[in-house]
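Student: I have a model open and would like to go through its packing. Could we take it step by step?
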Amino acid sequence: MNVPKNVWWFEVLLYASLLLDALSVAFLQDRTPTARMTEQMIDATAWTAFALLILLFWFVWLAARRRKSWPRWALSTALVLSLISLAHVIGERGMQFDVFVDTVSCGLTALGLYLSFTGDAKDWFDA
């Protein structure tokens, strides 16, 4: 099966974004227990993030390899929610390294999603 160029770039960019997110959760997230955040809450947050990443990997695979259109819309919705969250974090903490990594991840996702709705990708999903 020959995947169109825009779909291939969509897949590569979204997987790169999700890989950045996984590395961010694994290495950049503060795991220090506090009065507001217990160790159990930190573990639950990490497992929830892991499950969400697996779901988003599956959505990318469904869109790129199974030619499903609805996962692109679900990924677009997730991007909008991520941008809202990112704006809140930047307003609260400013631009730190982990926030910069999240910004790059959102940029990769936005570019990949743009490519999935344009060019030769339109015919891929309309077939």
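Tutor: Certainly; please note that this is a predicted model. Its largest nonpolar core has 19 residues.

Student: Which residues have the most contacts inside that core?

Tutor: Those are Val-7, Phe-10, Val-60, Leu-75 and Phe-125.

Student: And which helices each supply at least two residues of this core?

Tutor: They are α1 (5-28), α2 (39-66), α3 (70-93), α4 (97-116) and α5 (121-126). The most comes from α2, which gives six residues.

Student: Back to Leu-75. What is Leu-75 in contact with, leaving aside its neighbours within four places in sequence?

Tutor: With those neighbours left aside, Leu-75 is in contact with Phe-10, Leu-56, Phe-59, Val-60 and Leu-113.

Student: Now the helix pairs. How do α3 and α4 pack?

Tutor: Their axes are 10 Å apart, at an angle of about 155°. Angles over 145 degrees count as roughly antiparallel, and α3 and α4 are therefore roughly antiparallel to each other. The crossing of α3 and α4 is left-handed.

Student: Which residues meet there?

Tutor: From α3, Arg-72, Leu-75, Ser-76 and Leu-79 are among them, as are Leu-86 and Arg-93. The α4 side includes Asp-98, Asp-102, Cys-106, Leu-113 and Ser-116. By class, the contact of α3 with α4 has 10 nonpolar, five polar and four charged residues.

Student: You mentioned Ser-116. Is Ser-116 buried or exposed?

Tutor: Ser-116, which is found in helix α4, has a relative accessible area of 0%. The cut-off for buried is under 20%, so Ser-116 is buried.

Student: What is Ser-116 in contact with, again leaving aside neighbours within four places in sequence?

Tutor: Ser-116 is in contact with Phe-10, Arg-72, Ala-121 and Phe-125, those neighbours being left aside. Phe-10 and Phe-125 also appeared in the list of residues with the most contacts inside the core.

Student: One more pair. How do α2 and α3 cross?

Tutor: The axes of α2 and α3 cross at roughly 140° and come within 8 Å. These two helices, α2 and α3, are therefore oblique to each other. Their crossing is left-handed.

Student: Which residues make that contact?

Tutor: On α2 they are Leu-56, Trp-58, Phe-59, Val-60, Leu-62 and Ala-63. On α3 they are Trp-70, Pro-71, Arg-72, Ala-74, Leu-75 and Ala-78.

Student: How do the residues of the contact of α2 with α3 divide by class?

Tutor: They divide into 11 nonpolar, no polar and one charged.

Notes: Residues are numbered from 1 along each chain as its sequence is written. This is a predicted model: local features need pLDDT of at least 70, side-chain atom pairs count only at pLDDT 80 or more; totals for chains, interfaces and linings use all residues. Side-chain values use heavy atoms; hydrogens and water are left out. A nonpolar core is a set of buried Ala, Val, Leu, Ile, Met, Phe, Trp, Tyr and Cys residues joined through side-chain atoms within 4.5 Å. Buried means under 20% relative accessible area, exposed over 50%, partly exposed in between (1.4 Å probe, protein chains only). Helices (H or I, at least four residues) and strands (E, at least two) are DSSP runs, numbered from the N terminus. Contact means heavy atoms within 4.5 Å. Axes are lines fitted to C-alpha atoms, for helices over the stretch in contact, and angles run from 0 to 180 degrees between N-to-C directions. Angles under 35 degrees count as roughly parallel, over 145 as roughly antiparallel, 65 to 115 as roughly perpendicular and the rest as oblique. A crossing is left-handed if the near helix is turned anticlockwise from the far one by less than a right angle, and right-handed if clockwise. Ala, Val, Leu, Ile, Met, Phe, Trp, Tyr, Cys and Pro count as nonpolar, Asp, Glu, Lys and Arg as charged, and the others, Gly among them, as polar.
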